[in-house]
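Please read the following report with the sequence and the structure side by side, and find each strand and residue as it is named.

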Amino acid sequence: MRIPVRVAAPTVLLLALSACPAPQTADESGELRARLTSPTDIDLNWQGDDSGVSGQALEFATERSGPYTVLQYLPPSTTTYRHPDLIPNTTFFYRLRPFHGPVSAPLTVSLPEGELTQADEESSHDWLPARKDPGRVVPGRPLGKSGAGAPSDFNAVVKHANGILFTWTDCASDEAGFLLEARRRGSSEYEPLVVLDPDVNSTGLITLPEEKQASYRVRAFTYGELSNVVRLTTGE
């Protein structure tokens, strides 16, 4: 079992700062573009995709051949990203991996007001790790734009003031993984929160303060074709 980890950019250590040079632009062209906007900050941008993708996984590496690490799973409306505070004098490579797949029916979850009680803090959190429960698997179907293979029976159980247990039935046969997504109060868009391995059908979530009430859903996804690779070297 593995504790679910929220989708987030890994921190790259800033070792030193120097005066800002003139901005530099990567010498490669294509769907993905990159620009060095300070000695240690790289801005990336790409065209929005209207071909039905569910989002983009932005990846980076320090060698063209990889290994690549996911910086962030992003919703389809996002077309820019800043990779900040990078190591000076280091070459970075970036690429996009579009993902797509059907989602479950959404659920709105409201948590109790306030913070954890002493009893909550001392209680077992064995519900938190992601799990593969054979009892919530049906013969899978290949994922497709028709919505085949969407997770079913999506359910949420409030465990305490900051914790929710999600379960669902895995109905897909070829998923690369699952994404737990949330639409917070006041937002019009779902954003990926947690990426999960294939065949997972249960995970707990420790919520953030702005998630006292939110709508959740789970997506079974596969990856599309990789974008071009862009390369930039940070300054001193």
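## Strand β15 and its partners

In this predicted model, strand β8, which covers residues 107-110, pairs with β15 in the antiparallel sense over four bridges, and within that pairing S110 has Q213 of β15 as its bridge partner. Strand β12 (residues 177-184) also pairs with β15 in the antiparallel sense, over eight bridges, where the bridge partner of A182 is Y216. Strand β7 (residues 91-100) is a further antiparallel partner of β15, joined to β15 over two bridges, and here F99 is matched with Y223.

How much of strand β15 is buried? Of the 11 residues in this strand, which runs from 213 to 223, nine are buried, and the strand is thus described as mostly covered. In general terms, the side chains of a regular strand alternate between the two faces of the sheet.

## Two nonpolar cores

The largest nonpolar core is made of 21 residues, and those with the most contacts inside this core are F154, F166, W168, L196, L205 and Y216. Strands β11 (163-172), β12, β13 (191-196) and β15 each give two or more residues to this core. Another core lies apart from it and has 17 residues, among them I42, Y94, L96 and V230.

W168 can be followed in greater detail: when its neighbours within four places in sequence are left aside, its contacts include R136, P151, F154, F178, L196 and V218.

## Aromatic rings and charges

The structure holds nine aromatic pairs. One of them is a tilted pair, because the rings of F154 and W168 have their centres 6.5 Å apart and their planes at 55°. This pair links distant parts of the chain, since F154 belongs to strand β10 (residues 152-160) and W168 to strand β11, 14 residues apart. Both F154 and W168 are buried, and together with F166, F178 and Y216 they form one aromatic cluster.

Charged side chains also meet aromatic rings in this model: the charged end of R95 sits over the ring of Y68, 3.8 Å from its centre, while the charged end of R97 sits over the ring of Y223, 4.0 Å from its centre.

## A hairpin between two strands

Strand β2 (residues 32-38) and strand β3 (residues 41-46) pair in the antiparallel sense over six bridges, and a hairpin of two residues joins β2 to β3. Within this pairing, the bridge partner of L32 is W46, which lies in β3.

Note on methods. Residues are numbered from 1 along each chain as its sequence is written. This is a predicted model: local features need pLDDT of at least 70, side-chain atom pairs count only at pLDDT 80 or more; totals for chains, interfaces and linings use all residues. Side-chain values use heavy atoms; hydrogens and water are left out. Buried means under 20% relative accessible area, exposed over 50%, partly exposed in between (1.4 Å probe, protein chains only). Two strands pair if DSSP finds at least two bridges between them. A nonpolar core is a set of buried Ala, Val, Leu, Ile, Met, Phe, Trp, Tyr and Cys residues joined through side-chain atoms within 4.5 Å. Contact means heavy atoms within 4.5 Å. Rings of Phe, Tyr and Trp (its six-membered ring) pair if their centres lie within 6.5 Å; planes under 30 degrees apart count as stacked, over 60 as edge-to-face and the rest as tilted. A charge sits over a ring if NZ of Lys or CZ of Arg is within 6 Å of the ring centre and within 35 degrees of the ring normal.
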